[in-house]
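User: Could you take me on a close look at one helix in this model and the parts around it? I'd love a connected account rather than a list.

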Amino acid sequence: MQAAETANMDISDMVAMDELVALCKRRGFIFPASEIYGGINGFWDFGPLGVLLKNNLRDRWWNDMVVCPPIGPDGAPLQIVGVDTAIIQNPKVWEASGHVAGFNDPMVDCKETKQRFRADHLKVYFPDELIPSTHQPLNPLIEHVENLFSKEEFLLSAQSLEELLDVHKRIIKKNNWTFKDGCWTQMVSQLTPEQLKKVWAPGASKSGTLTEPKQFNLMFKTYVGATATEDDKAYLRPETAQGIFLNYKNVVDNMRVKVPFGIAQIGKAFRNEVTPRNFIYRSREFEQMEMEWFCHADEAKKWLEFWKEQRLNWWKAVGVESDNLIFRQHDQDELSHYAKEGYGTVDIEYRFPFTAPGYGELEGIAHRCDFDLTAHQTHSKTKLEYFDDSVQPPRRFMPHVIEPASGLTRGVLVLLAEAYTADPSRPSKMYMKFKPSMAPVKAAVLPLVNKDGLPEIAQKLYYEMRAQFATEYDTKGNIGKRYARHDEIGTPFCVTIDTDTPNDQAATIRFRDTMAQERVALDKISEFVRKSLKE
RNA sequence: GCGGGUGUAGCUCAGUGGUAGAGCGUCAGCUUCCCAAGCUGAAUGUCGCGGGUUCAAAUCCCGUCGCCCGCUCCA
């Protein structure tokens, strides 16, 4: 998240997270996982309405990616196929992909300042006065810099300038120091425990306040086979993308696809987040919607631009206000291990209630280069290059990959936050302004009173509608209560059967957003709702 | 992991040593001709858990766990 450009929208209009969380529980969208046992941090269950909402978003993505992919820049439909791969794969997959190494973040804590650092981000350096003049100019850098050895200690081991230089060189060599940003630096993660004790942490009053690096492995470990020995170790996938790369060859060999083409997948992924936070925003079990677009390296940039626009428009199409969405280019030093060499990663960020007025990541569109396919080719010793005979002369190359990867779980949170609309004038004080196509319940059929032949008419209509889209039938309480409940769950249309209905064969449709009513013939109501779902 | 906050009914919360409460919601019934109306009735809690002090603990003390917020990480 970051301080973004000023917003047009009044932030005070934004729903408070605790209100949203309370609504989600009260109305059956999202519950804390294993709540009756006290819950479990970082896991959430989708309730009856939540799963409807999630499936609507998921199905829309699948439809727009796989069933009916976008039209490409040349006017022809893109070619994208789907897969659904295993959550557990051969553990070598995650070594090849870089996740065993890259998802293993060593962290150190400062006992004095209570700050936590990534040991591989925290640098140690020689202070200016200890650096021989041959290495000048040397400016202190970066925020997180402190000296490794005390001045006295260093001078003790060096009798002359010659010797000083020599000791210096030996230390540099022995410790894998690098010369960067005008200074000799080394990552804290590479220090021995003895060296670590001499490090002066940022903001601390003395040296030696850092704890030894603790491994934070973000991958869930499990065991395949009932004996569960270390040899049976396996991982739950931290991203669905690798399942796609693993099947790239199968798809190319069997599915008559030609580069450029895409493979899409929706599925659960698991990460032992250091700190799960913000409701379902960062949970340890979550669902991804990922598409890997395979293309020639020369065209990667073009496709990155294409997918950026496509994806932003898609989020708008499912009902997200453009004011709440921005692009954010990743800085070079925050790029993932797979995106270093390419055109980088662009995030689509949303102004979540807990990030406002800043934004939080919703979807990443990354240029993964040929990192994954090359890695798997090397590790698996299987040739993964693509042979292209559609050009003259024919060529052989490793496709590059553009990856629009979004969080379905995060998408649900976006739809919820986006839909929550305060309205003090109505009994419920708020309503959920879902786009009709995303709303968990599309319509409710409500007999104004539960007698005088009204239920019979209403039920007939209900049976007709429920066969086409999610419809509820409700006779409970007075009509105001029923409208209020449907405002809270975001039902866009309430169809009310009144005492005129037996005579005129029509009923009123009550619109959620305006509370206005319109009388429509009974036999036109289904069609009316169906049409609105296509918008 | 560290720091701060918090834990009482499905939800929001009151209750600071003396028989566990309110509003809303839920359920049953009456009523009800368009926005949580009205009436009657009902269910729901070992007050997060464990220990201690006390004649007596939701309340005081100690411990522990969950959740929320901040820091590091991510879709």
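Analyst: Happy to! Let's begin where the helix begins. Asn 478 caps the N-terminal end of H14, with a side-chain oxygen 2.9 Å from the backbone nitrogen of Gly 480. Please keep in mind that this is a predicted model. The helix itself runs over residues 479–489, and just after H14, Gly 490 takes a positive phi of about 80°. That gives us both ends.

Now for what lies between them. H14 is mostly covered, since 8 of its 11 residues are buried. The buried residues are Ile 479, Arg 482, Tyr 483, Ala 484, His 486, Asp 487, Glu 488 and Ile 489. Charged residues are part of that list, including Arg 482, Asp 487 and Glu 488. Two of these, Asp 487 and Glu 488, deserve a visit of their own.

Let's take Asp 487 and its partner. The side chains of Arg 426 and Asp 487 meet in a salt bridge, 2.8 Å from N to O. Arg 426 lies in the loop between strand E21 (420–422) and strand E22 (430–432), while Asp 487 belongs to helix H14, so the pair ties together parts that are 61 residues apart in sequence. Arg 426 counts as buried because its relative accessibility is 1%. Asp 487, at 2% relative accessibility, counts as buried too. As a general point, side chains of opposite charge can pair when their charged atoms come close.

Next comes Glu 488, which brings us to the RNA. An N or O atom in the side chain of Glu 488 is 3.1 Å from a base nitrogen of RNA strand B. H14 as a whole provides 6 residues of the surface near RNA strand B, the largest share. Strand E4 (104–109), strand E5 (116–118), strand E14 (285–295), strand E17 (360–369) and strand E26 (506–511) are, like H14, elements that each supply at least two residues of that surface.

Stepping back to that whole surface, 51 residues surround RNA strand B, and the closest are Asn 41, Arg 271, Arg 282, Glu 361 and Thr 499. Of the atoms of RNA strand B that come within 4 Å of the protein, sugar and phosphate account for 47%. The surrounding residues divide into 15 nonpolar, 16 polar and 20 charged. Besides Glu 488, two arginines approach the bases with their side chains. A polar side-chain atom of Arg 410 lies 2.5 Å from a base oxygen of RNA strand B. In the side chain of Arg 510, an N or O atom is 3.1 Å from a base nitrogen of the strand.

Strand E14, one of the elements that help form this surface, has a salt bridge worth a look. The side chains of Lys 54 and Glu 287 meet there at 2.7 Å, N to O. Lys 54 sits in helix H2 (residues 48–67) and Glu 287 in strand E14, so this pair ties together parts that are 233 residues apart in sequence. Both Lys 54 and Glu 287 are buried.

Further along the chain from H14, Arg 519 lies in strand E27 (residues 517–521). The side chains of Asp 504 and Arg 519 form a salt bridge of 2.7 Å, N to O. This pair links distant parts of the chain, with Asp 504 in helix H15 (residues 501–504) and Arg 519 in strand E27, 15 residues apart. Asp 504 counts as partly exposed because its relative accessibility is 36%, and Arg 519 counts as partly exposed at 34%. The side chain of Arg 519 also makes a polar contact with the side chain of Asp 498, at 3.1 Å. A polar atom of the Arg 519 side chain lies 3.1 Å from the backbone oxygen of Ala 506. Leaving aside neighbours within four places in sequence, the contacts of Arg 519 also include Asp 500, Thr 501, Ala 507 and Thr 508.

Finally, here is the wider setting. Chain A has 16 helices and 27 strands, and buried residues make up 50% of its 535 residues. The salt bridges come to 23, and Glu 239, Arg 368, Asp 372 and Glu 403 are linked in a network of them. Among contacts in chain A between residues at least 6 apart in sequence, 65% join residues at least 24 apart.

Key
Residues numbered from 1 in each chain as written. Chains lettered and ligands numbered in written order. Predicted model: local features only at pLDDT ≥ 70, side-chain atom pairs only at ≥ 80, totals over all residues. Heavy atoms only, no water. Near = heavy atom within 4 Å. Polar contact = N/O pair within 3.5 Å; in protein donor to acceptor, adjacent residues only side chain to side chain. Helix = DSSP H or I, 4+ residues; strand = E, 2+ residues; numbered from the N terminus. Buried < 20%, exposed > 50% of the residue type's maximum accessible area, 1.4 Å probe, protein only. Contact = heavy atoms within 4.5 Å. Salt bridge = Lys/Arg side-chain N within 4 Å of Asp/Glu carboxyl O.
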